[in-house]
Amino acid sequence: MSVPCTRGCTATTTSTTCRMPVVASRIGGSGRHDRKMPIDKSTKEYLRQKTACSALSVPRTQHPSLSEEEGGIRRQKNPGKRRDLSETVFENATIFSMKTEEGVRLTMTQQGQLTLWDEDLSHSSRGVARLVSEASLVLPDVCAGVLPSIITKKDCGSNTISAKGKDVEEVLVRWGPKESPYALLHVIAHHRHEEEWTGGMKKGFVLEFKVQADAAPSSGAEISVKLEPSGHWFGGGHFIRQIWPLNDASLEVGPWYAFDNGPNGVNNLVGAHWITSCGLLVSVDPSTQYLHIGMNAPNKSRKWQSISRKWGVGIQNATRELLPLTKGHGKVARAGQDGLLRIQVRSNYVDAQMEHPLRHWQHDMTSSDEFGGSLCNDMDMLTVRVSMGVAENAAEACKMALGGMVPPKETPDLALFKRPIWTTWARYKTRVCQDKVLKYAQEIVDRGLPRSVMEIDDRWQVAYGDLAFDEKKFPDPVGMVNTLHEMGFQVTTWVHPFVERQSEAYLEGARKGYFVGCDMADHPIESGPLGWLLRRNRVIHDHFAEGPGGSKVGFFKWWNTQPVAALDVTNPDAVDWFVNRLKDLQEKTGVDGFKFDAGEPCFLPRMPRTYQPLSTPAEYTQLYVQRVAGQFAGGVSEVRTGHSTQDVALMYRMGDRFSTWDAANGLRSLIPTLLTSGILGYPFCLPDMIGGNAYFNTFPDQELLVRWTQVNALMPAMQFSLAPWDLGRDTEMLVAKALKTRSKFEDHLAALAQEAADTLTPICRPMWMIAPEEEETYEIEDQFALGNDVIVAPVVRRGARQRDVYLTSGMWRDFVDGSLIEGGRWLKNVAAPLDHLPIYVRDGIFQ
């Protein structure tokens, strides 16, 4: 009689291989239980707890709900049968163990606890298996006491996927009856998964977890990953308070799409993966509907549940708490944190604690089924799909993530990497006019400052949406553009996908159904007494105001005062109309490109209706960048948002920065945001304006403006608006010195930009990317590497005139005095007066 392995795995005593990591064989060993693989010391306590129950030696035939199955997989005979107390010994037992050809093993207990191991001993300095991640499925209450079934692909009408005595690479776990399961988990090895979003991943598994919608907990279908076992965390997206690494942040669970200062701090650019210092790569299907993300969120105490986060626009954000909070914040410290990356799919966006414009979003729930749709009706299931990959370290995990993306294969105009952009916004706001633009340009030229682009920002046109210069403010736009060209500037103008009601663009586009619609009940103007009054006075052109599907054009609030409607980027005719008007402006005036603002789905009407249904709110962002801004790729144009648009060769601008020193959207947020952009696949990062936007009447002083210039000096691009000379001659000279330093790296920046276009390799890299084996590098938030051979260590603290600098292993030279320094250590109290930017180059480079 065959009996189960005494270690709790799926092997029997007649098998030659045990599938539990705790007893996995050494490479080249016999594979029997007396040849145990050594286990990393940090996981001993984990193993002691996890094997306590599974180590019981119980013959398989003695358990009434288990039977033999192909490949030695244990299976339940009666899926709906609830366990009695005698069966609790199996509660923590491993019910399956899977291993890839590359030595990555995934195990799961009956309660949905997942453990990911790296058994490739070449990745371990001590020759031991590495615990890479612990995760869990959040099972519905109805699954309590239900022993899950494990089903091979043969059960779904295909060939069996495992042979007796070999590791399984694909499996389905079912809780509940086959006809109407409570929950399903489909696990497949990367090399068997052929979808685009996991294209570059080779060492790990894809997990598709489904729960019955009616039985789902409030969190929906959720996979939670423990933070602590996997080390330091990076990635995810841009936040108002950008923390590096992410372990110290406390991101409250909320909707995961791009915002302009979202209700939980999510900002303009979001990605779909996270990487860790131990080499874990966690990715989410970017097309996931109703996706919610939380990370190290505060525990849900009664007091915390009373907090409601609301999204606001413009000046409303001035009074909002800047998020995410950190673990040291008083409220978070009192509540405690859950220590999890929580990946959820819910049935909607309604959340009493997260109010945002698309909380009533609706879409078609249909989706594909990996097993041919024979096991469940997807209309009744919530589905979350997560990939868990394993690499040797964070640098290799990043390479794996970027390897699955499509690179742009071209760069933006290389002039942007060599010389600064100058923009009118922070200096003039909406008071811009032709005389001011030319005066500003002349001041730059007279000082001999380098220049690539002059960007003309808000209120160059009469009405929002009309792509024509205001004749009163810009009497001769053609002459102005020609003059700027002669001065050495290319010229861009600020544009967005919005039209106001009084614009000619609205009257033309509304006739043709080119704007996003919404239901009348949700129309902010046309409903109620005000709407009646406006219609009575024929202010509203009802016979033009038709949106997709017979809906009304949806007007909404944005950061300016006039309500606007949004271009329907799902309508090819609308896109052609908008793009052709931009190209017509170029032809008539000679402007070279555009600053594409907005594009985040928070700037849509409630319950938006589009020409073609959007599968997710994030798809609006993707189409805006690809179909509209992407028409001008490879030039001097820029965007500030993105979603799966790494293949579009544009500059990706950080969201508007505040003129402050801190990490809450101020100076100290720049380096973490830059590095996050790179590891998410957006290497062409354009930091926002040097010195910030001077919002709320807060202007930078000399020290902040100079330090900001130094921080930005060796980033992919620079952008000025606040004039250094307005703060005096000394400030002007200090800024000019930083710009001269940048000029010495122009060719290096251009070469790195081309490398990024080919491979998406970041131009500016985290310190751990050039030395992943050095633990010190993972917590450095105020240094970065330019390529692999330059370390930049600017000052980011008010009043500081020295700082500590970490140099990775090898020999380095101080870029200023040429002194040779041995790396692999901290340099303490390095002098950094206001006129000095500490830079170190690898010995033998730039000689």
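In which loop is Pro 245 found? Select Pro 245 to begin: this residue is found in the loop between β12 (233-239) and β13, where helices (H or I, at least four residues) and strands (E, at least two) are DSSP runs numbered from the N terminus. The structure on display is a predicted model, in which local features need pLDDT of at least 70, side-chain atom pairs count only at pLDDT 80 or more, and totals for chains, interfaces and linings use all residues. Residues are numbered from 1 along each chain as its sequence is written, and side-chain values use heavy atoms, with hydrogens and water left out.

**Backbone exceptions**

Most residues other than glycine have a negative phi, and most peptide bonds are trans. With Pro 245 still selected, add Trp 244: the peptide bond from Trp 244 to Pro 245 is cis, with omega near -10°. Next, select Leu 323 and Pro 324, which are joined by a cis peptide bond with omega of about 0°. Pro 324 is placed in the loop between β17 and β18 (325-326).

Proceed to Arg 459, which is not a glycine yet has a positive phi of about 75°. The loop between β23 (453-456) and α8 (477-486) holds Arg 459. Its relative accessible area is 17%, so Arg 459 is buried; here buried means under 20% relative accessible area, exposed over 50%, and partly exposed in between (1.4 Å probe, protein chains only). Then select Asn 697, a residue other than glycine with a positive phi near 60°. Asn 697 is found in the loop between β32 (685-686) and α14 (702-712). Because its relative accessible area is 67%, Asn 697 is exposed.

**Salt bridges**

Side chains of opposite charge can pair when their charged atoms come close. A salt bridge is counted when a side-chain nitrogen of Lys or Arg lies within 4 Å of a carboxyl oxygen of Asp or Glu; by this rule there are 39 salt bridges.

Select Glu 222 and Arg 342, whose side chains form a salt bridge at 2.7 Å, N to O. This pair links distant parts of the chain, with Glu 222 in strand β11 (residues 221-226) and Arg 342 in strand β19 (residues 340-345), 120 residues apart. Both Glu 222 and Arg 342 are buried.

Now display Arg 309 and Glu 252, which form a salt bridge with their closest N and O atoms 2.9 Å apart. Arg 309 lies in strand β17 (residues 309-310) and Glu 252 in strand β13 (residues 249-255), so the pair ties together parts that are 57 residues apart in sequence. Arg 309 counts as buried at 8% relative accessibility, and Glu 252 is buried with a relative accessible area of 8%.

The next selection is Asp 597 with Arg 653, a salt bridge of 3.4 Å, N to O. Asp 597 lies in the loop between β29 (593-596) and α12 (618-628), Arg 653 lies in strand β31 (residues 651-653), and the two are 56 residues apart. Both Asp 597 and Arg 653 are buried. Extend the selection to Asp 260, Glu 600, Glu 638, Arg 640, Asp 656 and Asp 688: salt bridges that share partners join these residues with Asp 597 and Arg 653 into one network.

**Nonpolar cores**

A nonpolar core is a set of buried Ala, Val, Leu, Ile, Met, Phe, Trp, Tyr and Cys residues joined through side-chain atoms within 4.5 Å. Select Phe 596, Ile 763 and Trp 768, the residues with the most contacts inside the largest such core, which has 144 residues. Centre the view on Ile 763: leaving aside neighbours within four places in sequence, its contacts (heavy atoms within 4.5 Å) include Phe 417, Phe 684, Leu 749, Leu 752 and Leu 786. Apart from the largest core lies another, of 54 residues, among them Cys 143, Val 171, Val 270 and Leu 382.

**A covered helix and an open sheet**

Select helix α13 (residues 670-679), which is mostly covered, with 10 of its 10 residues buried. Gly 681 follows α13 and has a positive phi, near 100°.

Finally, display the open sheet of 6 strands, which has the order β34-β35-β36-β41-β38-β39 with antiparallel pairing; strands pair if DSSP finds at least two bridges between them. Its edge strands, β34 (764-765) and β39 (820-822), each pair on one side only. Strand β38 (residues 811-814) runs antiparallel to β39 and is joined to it by 3 bridges. End the tour at Met 811, which stands opposite Glu 822 in β39.
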